[in-house]
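Subject: Structure for you to look at

Hello,

Please find the structure we spoke about below. My notes on it follow.

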Amino acid sequence: MAAEAAWEAVIGLETHVQLGTNSKIFTSASTAFGDDPNTHIDPVVCGLPGTLPVLNQKVLEYAVKAAMALNLNIAEHSKFDRKQYFYPDLPKNYQISQYDEPIAEDGWIEVEVAEKGKDTYLKRIGIERLHMEEDAGKLVHAGSDRLAGSTHSLVDYNRAGVALAEIVSKPDLRTGREAAEYASEIRRIMRYLGVSDGNMQEGSLRCDVNISVRRGPDAPFGTKVEIKNMNSFSAIQKACEHEIQRQIKAYEAGEPVVQETRLWDEGKQLTKSMRSKEGASDYRYFPDPDLGPIEVSVERREGWRADLPELPAAKRHRYAETLGLSQYDARVLTDERPMAEYFEAAVAAVAAGADAKGLANWITGDIAAFVNANRLSYATLPFRPEQLAEMVQLIDGGKISGKIAKEILPELLEKGGSPAAIVEAKGLGMISDPAAITAIVEELLAAHPEEVEAFRGGKTKLQGFFVGQLMKKTGGKADPKLANQILNQKLKG
């Protein structure tokens, strides 16, 4: 273990984000997911003689907006290149990508690294570049989920030509958890922007992880190994942790670590060798002769910048510093833009100085559970933010208890409506008249003389018994604070 402690991992991620355009990057063919195989192809996708690609302007807009959100510098001039890539799922036998002149370079994002049992910390991760490229198709291996062991393979070109933004981090990550949090933040930002749905199950966001280890932070980088096509944050973390230990054990045993591409086996929880890693020279890049240079004017660039929403990291800081929420609450509320917007609308609807924590508790608890269980969106949820604000104000104003709020919440979530009107119609308003509560307390004490005597004899925990009886008798409508005060006074005689 002492030897292991001397090692440091160096991790970088290549994140492929499918840009959410209705048509592909160089043709009007549809990008719809889940349709019959080979129904969204055309001569341009297949690279047939006489066809010419034309850049989808929405792809350029989405790529530039994504780059701006990642604090990258937008290039005034960039170009497309051909990357020679011979594989059955790439019908042209080359991929149109960007090599030495990408659309954006040199940026960063801030990630919040939270892990159970450890202190949460912030870390800035550098981003090398973002470039545009087209996706390949998909091979379906019959008789096995991999090429090895299959009896034959089928190809579906529907995904070929779909627009991707490839985001390449700098080698600033040091643990599997940091890598998973970085990928999660990239997905979160893309979804906030609306440039991608980030659906990892459908392949809308995939990560390749590059890992090496070295003896301490001042040592030269070790041999880099790539793990391809990670499609869950859990897999990213576990694959990194396994590969780090595999490389350390190899070096400690005097065995070489070779530059290669590996795959993560989820079932066996280990990485497997796939092939030796290609270098840039293997791809024989050259400028694509059918596509002209890309130039983004200052006016267009600033127009797109004005469209950017407040991003998750900025929201987290604001919620903590301005609204006084904990790091945990801020992180949960900002995970998805619709939840954050629902919360902010509720905050805007309550009286000045109202407790944002109360709103946050309802949203991240009961409301989120209902939305997720019923696969609803916050935009169409019948229980609107202003109605939640009204309910919280009823609680804060002592007109209903939290218990009563829980009682009326299912109806509100299903149908919406005014909490105050429901409380009035059902006679659920809180009993806050001291005389009324005093009369009930005296009645209870008279009905339970033995418990009263035991309380006065030192068994003070019996106050909880009387509180329970009081709430039962009043249907949970007694003002808890006032009831406890009167009960305590009467019990002590």
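In what sense do strand 4 (residues 81-84) and strand 15 pair, and over how many bridges? The pairing is antiparallel, and 2 bridges make it up. Please keep in mind throughout that this is a predicted model.

Sheets

Strand 4 and strand 15 belong to an open sheet of 3 strands, ordered 5-4-15, with antiparallel pairing. The edges are taken by strand 5 (94-97) and strand 15 (286-287); each has a single partner strand, so one side of each has no neighbour in the sheet. To find the place on screen, go to Asp81, which has Pro287 of strand 15 opposite it.

Strand 6 (residues 104-113) pairs with two strands that I looked at. With strand 2 (residues 73-74) the pairing is antiparallel, over 2 bridges, and Ile74 faces Ala104 of strand 6. With strand 7 (residues 121-134) the sense is again antiparallel, here over 9 bridges. Glu105 has Arg129 in strand 7 as its bridge partner. Strand 6 is also mostly covered, since 7 of its 10 residues count as buried.

Cavity

Searching the whole structure for cavities of 30 Å³ or more turns up 1. The volume of the largest cavity is about 50 Å³. Its lining consists of Val111, Glu112, Glu181, Glu185, Arg188, Arg316 and Arg331. Strand 6 and helix 4 (176-193) are the elements that supply two or more of the lining residues, and helix 4 supplies the most, with 3. By type, the lining of the largest cavity has 6 charged residues, 1 nonpolar residue and no polar ones.

Second largest pocket

The second largest pocket holds about 240 Å³ of space. Helix 10 (337-349) and helix 11 (356-373) are the elements that each give two or more residues to its lining. Helix 11 gives the most, with 3 residues. The residues that line this pocket are Val332, Asp335, Glu336, Pro338, Met339, Ala368, Val371, Asn372, Arg375, Leu376, Ser377 and Tyr378. They divide into 7 nonpolar, 3 charged and 2 polar.

Nonpolar cores

Which residues have the most contacts inside the largest nonpolar core? They are Ile11, Leu70, Leu130, Tyr182 and Met190, in a core of 65 residues. Helix 3 (residues 57-69) contributes the largest share of this core, 9 residues. Met190 is a convenient residue to centre the view on: setting aside neighbours within four places in sequence, Met190 is in contact with Val17, Ala66, Leu70, Ile167, Val195 and Ser196. Another core lies apart from the largest one and has 38 residues, including Leu359, Ile363, Met391 and Leu394.

In brief, the places to open on screen are the sheet with the order 5-4-15, the pairing of strand 6 with strand 7, the cavity lined by Val111 and Glu112 among others, the second largest pocket with Val332 and Asp335 among its lining residues, and the core around Met190.

Regards

Technical notes. Residues are numbered from 1 along each chain as its sequence is written. This is a predicted model: local features need pLDDT of at least 70, side-chain atom pairs count only at pLDDT 80 or more; totals for chains, interfaces and linings use all residues. Side-chain values use heavy atoms; hydrogens and water are left out. On a 1 Å grid over the protein atoms alone, a cavity is a set of points where a 1.4 Å probe fits but cannot get out, and a pocket is an open set with protein on both sides within 12 Å along at least five of seven lines; lining residues have an atom within 4 Å of a point. Grid points are joined across faces, edges and corners, and a volume is the space filled by probe spheres set on the points. Helices (H or I, at least four residues) and strands (E, at least two) are DSSP runs, numbered from the N terminus. Ala, Val, Leu, Ile, Met, Phe, Trp, Tyr, Cys and Pro count as nonpolar, Asp, Glu, Lys and Arg as charged, and the others, Gly among them, as polar. A nonpolar core is a set of buried Ala, Val, Leu, Ile, Met, Phe, Trp, Tyr and Cys residues joined through side-chain atoms within 4.5 Å. Buried means under 20% relative accessible area, exposed over 50%, partly exposed in between (1.4 Å probe, protein chains only). Contact means heavy atoms within 4.5 Å. Two strands pair if DSSP finds at least two bridges between them.
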